[in-house]
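Here are my notes on the model, as numbered points. Please read them alongside the coordinates.

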Amino acid sequence: MADIETKFSQNQPLKTQKKFIGAQIFLRIVVIAASFASTWLMLTNKQTIDIGGFVLDANYSYSPEFKFLSYANIVVGAFSFLSLLFLVLVGRRSSNPTYYFILFLHDLALMSLVLGGCAAATVIGSLGKYGNSHTGWMQICDHFGKFSELSEIECVDGKLCSRGATSVTLSYLSLVCLLMLTTTSASKSRQIQV
């Protein structure tokens, strides 16, 4: 009976370790997919319209905030892929808390980068949707239906203003996953090695 209890107690940390590694791998894959999808949506986010003979165009590169979000997502996706490789190579062999502390710092830095990009893009998206009457900035959703909008509302031309919003939403998904990765890595790095 003592042998069964000993064997069971030894397998519990191994089972917990496998679940932890599985969750880490899943969340990192979601971060990679969401980051690159958000980048692709933003990089291809452009529209040209003709208003009474005036040709106006909107492109993500006209806004430093959208460029920052795109570049932040590229960096986050690439470094999340590298951390996934690190986790697969090192995580299965060892449960050394030092490795998880490195992952914690890595995830914290990436989370901070995505947070900055999301905040900047959200602000400029809100400005594009509502404008700012105090400074004389007009809303652009009325004119550029598919370019940038933070909620799916029907614009004047009948198009949904959701391409930029989808990109920002995917970035927020990436941010939430990185927050979960940061907290789990921090928790695991504090555990005493047995």
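1. Of the contacts (heavy atoms within 4.5 Å) between residues at least 6 apart in sequence, 68% join residues at least 24 apart. This is a predicted model, in which local features need pLDDT of at least 70 and side-chain atom pairs count only at pLDDT 80 or more, while totals for chains, interfaces and linings use all residues. Residues are numbered from 1 along each chain as its sequence is written, and side-chain values use heavy atoms, with hydrogens and water left out.

2. The protein has four helices and two strands, in the order α-β-β-α-α-α from the N terminus. These are DSSP runs (helices: H or I, at least four residues; strands: E, at least two), numbered from the N terminus.

3. Of the 194 residues, 38% are buried, meaning under 20% relative accessible area with a 1.4 Å probe, protein chains only.

4. The largest nonpolar core (buried Ala, Val, Leu, Ile, Met, Phe, Trp, Tyr and Cys joined through side-chain atoms within 4.5 Å) has 18 residues, of which Val31, Leu69, Val76, Val114 and Leu178 touch the most other members. Helix 1 (2–43), helix 2 (64–91), helix 3 (97–130) and helix 4 (163–189) each contribute at least two residues to this core. A separate core of eight residues includes Phe20, Leu84, Leu87 and Tyr100.

5. There is one salt bridge (a side-chain nitrogen of Lys or Arg within 4 Å of a carboxyl oxygen of Asp or Glu). It pairs Asp107 with Arg28 at 2.9 Å, N to O. Asp107 is in helix 3 and Arg28 in helix 1, so the pair ties together parts 79 residues apart in sequence. Both Asp107 and Arg28 are buried.

Note on methods: Buried means under 20% relative accessible area, exposed over 50%, partly exposed in between (1.4 Å probe, protein chains only).
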